[in-house]
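Colleague: I am new to this one. Could you show me the model and explain the words you use for it?

Modeller: Gladly; here it is.

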Amino acid sequence: MTVVTPRVARSRKAVRALLTAATVLVLAAAALGAVYGAPGLLDAIVRLAEDVPARWEELTASGSTP
């Protein structure tokens with residue numbers, strides 16, 4: 001049986017607290033990035049989707065000329 005001294009127990013608690021805090025901060029940063037990045041990403045997707053018919057016409061027109 002392993003004996004854990006109070007000093008080791010405190011160290012483990014401190015490490016666990018730091019890892020938990022780091023995890024919370026990373027998840028919060030990811031959530032904020034998703035919230036603030038989504039509108040720009042959606043706008044870029046919509047602009048790309050609007051350009052597709054014109055690009056398709058351009059590709060098919062240039063391919064049909066000899």
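Colleague: What share of the 66 residues in the chain is buried?

Modeller: Buried residues come to 0% of the 66. The word buried means under 20% relative accessible area, exposed means over 50%, and partly exposed lies in between (1.4 Å probe, protein chains only). Please keep in mind that this is a predicted model, where local features need pLDDT of at least 70 and side-chain atom pairs count only at pLDDT 80 or more, while totals for chains, interfaces and linings use all residues. Residues are numbered from 1 along each chain as its sequence is written, and side-chain values use heavy atoms, with hydrogens and water left out.

Colleague: How do you know how the chain compares with a compact globule?

Modeller: The radius of gyration, taken over C-alpha atoms, is set against a globule rule of 2.2 Å times the number of residues to the power 0.38. For 66 residues a compact globule would have a value near 11 Å, but this chain has 27 Å. Its C-alpha atoms fill a box of roughly 85 × 25 × 10 Å along the principal axes.

Colleague: Which helices and strands are in the chain?

Modeller: There are one helix and zero strands; helices (H or I, at least four residues) and strands (E, at least two) are DSSP runs, numbered from the N terminus. Helix H1 covers residues 6–64, and valine 35 lies in it.

Colleague: Why is valine 35 called exposed?

Modeller: Its relative accessibility is 55%, and the cut-off for exposed is over 50%, so valine 35 counts as exposed. Threonine 2, in the segment before H1, is called exposed because its value is 71%.

Colleague: What makes Leu32, Val35 and Tyr36 a patch?

Modeller: Patch members have over 30% relative accessible area and no salt bridge; like charges are joined within 9 Å, and nonpolar side chains (Val, Leu, Ile, Met, Phe, Trp, Tyr) within 5 Å. Leu32, Val35 and Tyr36 form such a nonpolar patch on the surface, with about 370 Å² of accessible area together. Areas come from the Shrake-Rupley method with a 1.4 Å probe; for residues, only the protein chains shown count as cover.

Colleague: Why is the contact of aspartate 43 with arginine 47 called a salt bridge?

Modeller: A salt bridge needs a side-chain nitrogen of Lys or Arg within 4 Å of a carboxyl oxygen of Asp or Glu. The closest N and O atoms of aspartate 43 and arginine 47 are 3.3 Å apart, so the pair fits the rule. The count by this rule is one salt bridge. Being four residues apart in helix H1, the two are separated by about one helical turn.
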